[in-house]
Amino acid sequence: MKQVIMLLKPRLWSFKNRGIANEGNTRFFLFAGIGTIFWVGIFAVSHRVLVYFQKVENFGDILAFKLLSMILLVFFSLLIFSSILTSLSKLYLSKDLALVHALPVPSEKIYFARWIESTLDSSWMVIVYTIPVFFSYGIVYKTGIFFYIDIVLTLFPLCIISSALSALVVLLAVVLLPASRIRSIFVFLGLAVLIILYISFRLLKPERLVNPEAFSSVLFYFKDLSTPSSPLLPSTWAFDSLKAALTGNNSNAMFHLALSWSGAFFIIFVDIWVAKVLYFKGFSKTQAALVRLFKTQSKGFNIFFSFLDGPVRAFIIKEIKTFWRDQTQWSQIFLIGALIVIYLYNFSVLPFEKSPIKTIYLQNLFSFLNMALAAFVLTAITARFAFPSVSIEGNAFWIVRSSPISIRAFLWIKFFIYLFPLLILSEILVIATNMLLNVTPFMMYLSVITLFFMTPGVVAMGIGMGGAYPDFVSENPSQSVSSFGGLIFMILSAAYIGTVTILEAGPVYMVFMADIKGYKLTYLQWVWVIGSFLVAFLLSILAVILPMKFGEKKLVVFQR
Amino acid sequence: MIYLKNLSKHFGNTKAVDRLNLHILPGEIFGFIGPNGAGKTTTILMMAGLLEPTEGSVTVDGIDMASQPEEAKKRIGLIPDRPFLYEKLTGMEFLMFTADLYGINLENFSEKAEKFLSIFSLLDRAHELIESYSHGMKQRLIMSAALLHDPRLIIVDEPMVGLDPKGIKIVRNLFRELSSNGTTIFMSTHTLKLAEDVCDRIGVINKGSLIATGTISDLKEAAQIRKGDLEKVFFQLTEEKNDS
């Protein structure tokens, strides 16, 4: 154990020194503020839901307990998914592993130290943001202190079990496949499962439950609700313990708690035993260079982009090739693909025909809101691809700095590289959803034109903020979106989208109603319409220029 | 070719480089030596336009680095001490990227790229990803890329780090050949034997200040040493400075 603690010390010291190197409190307070808002929001929603359930006669407790069981199952699945990715990184891909493996320490102890780090990294956020849900149960059910102690004592073994199971899967998988490829495979599989689950859930049409005609299915639904989950699942042990504590059956709660802890210790024992045999073998295999999956011809790209200026062509080709060859980027594509599939699917199943509000009005209202929604999807995609595009230069950024290309030109080249694909994607998204909604030509033109002017603004914010807050040393720059700069970009982009939407809402409603009811707009109304669109247009121009200038100013200072 | 005037860089209260004055002629091979932390890399970064001086100026081929950085950089080939590259490109693709960046005529590209890859014994591995290269191979690739646009000034930080004996020999001969054709080479190194062998003049920097400049005999005179090699001169000069 002494060696394991020794291996964990650099991490502890780095954490301590991070506090010393802290330049200011702004970042801390910003993150803490947003985190607290989320925390309070989760608590408020879950408390409200539970209070509502309590009012449902006979079924209140069944619904609350079923919800608790589902939360624990989702909690467990999330932990498994995040632990697989974290443990893969910690055990096989971290840059300091070569140094650590050179130490006179048995490989299973290195494994154990790394596994502890991985467990903490993958679990803390899930725990922090599920605690308010469990707290709301305690408050609604007016439990004693034992329930709150039980929450902590139950969540710990659940985290340990999920992390140990994930590490075990990773230990076995790395012996068969290269570690960097496994990451893409797991992300792909995870997202595929997520989409399938989501679509199956939608196909069940839970909204039928509010329809009295479907009452027979409601009975089946409640019958299903009272069916217990599999006793082999660790989330069931946690659920049984928490349920017992909620109902005041403390001895039963202790029994299930003991079941969880014994399961946790057993799986740790199995892990260490397997690690003793397989960990170094897998690590050694990871050191071998990867064979390229696809080979592309260098000259093909050069001929295709020959009409472009040299530096622009250089960066475009470099960006495309790096993107396709870097398998860590593939997971981003899977993620975005899942987001788009779910987004489009939701529009295809909107039940307009059953709404009491006039369909044409509702369809166009949705189309208007969809503009903002598509812009938010665009923000998410920009955050994943354009925002980290400066950081992705990494340690090789000296090449840009020493080349005869100014930082301004470099940022603008990056802007145009990402603008065109993102513009095409956002237009396809908005046109496809409008077609699914069957909107009027006016709304179609409005959406297409608004997105055409908003996309450059969002992309410029991504590139500008990415340039202002680069992270050239991160092992995975695509995760820089969760940094301070990423957060600033998200906030700015949301504010910009919100402002443009508000500016357009009034005039669009007026023009749309005038069209439906067949009256003409007055002179003053026209002034309002044109004025609002003009302000939105000017805002879009500023949204391009200002972030790019800010990014340039900060990046020039950063390099010096 | 290169003119450093009162060049200084301060990091907080630390004077990394302090009022450095230097004039290097075209075709000259200038060696820059000094102990760790003396200010060699900081000077190089300022010369290459990667770091803004706190005071003073850098002029390359008559062009001021502060006011016309892009023009000045076109004339420089930088070879840093650590070979950080775009790992997901092949060697040949990286050279093509560099050619595009420096506006090299693509008609001559293949011929030129192959010439340098061949000089540095990389031609066989030109179409493999850089991530599969060894440290020394990456260093050789950076050298090929730095020479691709026929720079008038080559700035090298620790040229021999990671190179095998064959690589060292190639670089040594190449520097001599380039110098005879009028290319200026500014070389920071800890390999005193190399500096002694190839440099026309040597500058010794310690604690941010240039403490001696000149030919080997000039330095011996400054260190008041009649017999002995550059190593002896180096220790004499730097230890004298440390004592004072």
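This tour moves through strands and salt bridges of chain B, one selection at a time.

Before starting, note that this is a predicted model, in which local features need pLDDT of at least 70 and side-chain atom pairs count only at pLDDT 80 or more, while totals for chains, interfaces and linings use all residues. Residues are numbered from 1 along each chain as its sequence is written, chains are lettered from A and ligands numbered from 1 in the order in which they are written, and side-chain values use heavy atoms, with hydrogens and water left out.

**The strands**

Select residues 2-11 and 55-60 of chain B, which are strands β1 and β4, paired in the antiparallel sense over five bridges. Strands here are DSSP runs of E with at least two residues, helices are runs of H or I with at least four, and both are numbered from the N terminus; two strands pair if DSSP finds at least two bridges between them. Within this pairing, pick out Ile2(B), whose bridge partner in β4(B) is Val60(B).

Next, add residues 63-64 of chain B, strand β5, which runs antiparallel to β4(B) and is joined to it by two bridges. Here Thr59(B) stands opposite Asp64(B). The hairpin of β4(B) and β5(B) has two residues between the strands, and Asp61(B) in this hairpin takes a positive phi near 50°.

**From the hairpin to a network**

Keep Asp61(B) selected and add Glu71(B), Lys74(B), Arg75(B) and Arg152(B), because these five residues are linked in a network of salt bridges, a salt bridge being a side-chain nitrogen of Lys or Arg within 4 Å of a carboxyl oxygen of Asp or Glu. Over all chains, the count by this rule comes to 24 salt bridges.

**Two helices and their charged residues**

Now select Arg172(B) and Asp197(B), whose side chains meet in a salt bridge at 3.2 Å, N to O. This pair links distant parts of the chain, since Arg172(B) lies in helix α6 (residues 165-180) and Asp197(B) in helix α7 (residues 192-198), 25 residues apart. Arg172(B) is partly exposed at 24% relative accessibility, and Asp197(B) is partly exposed too, at 30%; buried means under 20% relative accessible area, exposed over 50%, and partly exposed in between, with a 1.4 Å probe and protein chains only.

Staying on Asp197(B), add Lys193(B), with which Asp197(B) forms a salt bridge whose closest N and O atoms are 3.1 Å apart. The two are four residues apart in helix α7 of chain B, so about one helical turn separates them. Lys193(B) is exposed, with a relative accessible area of 52%.
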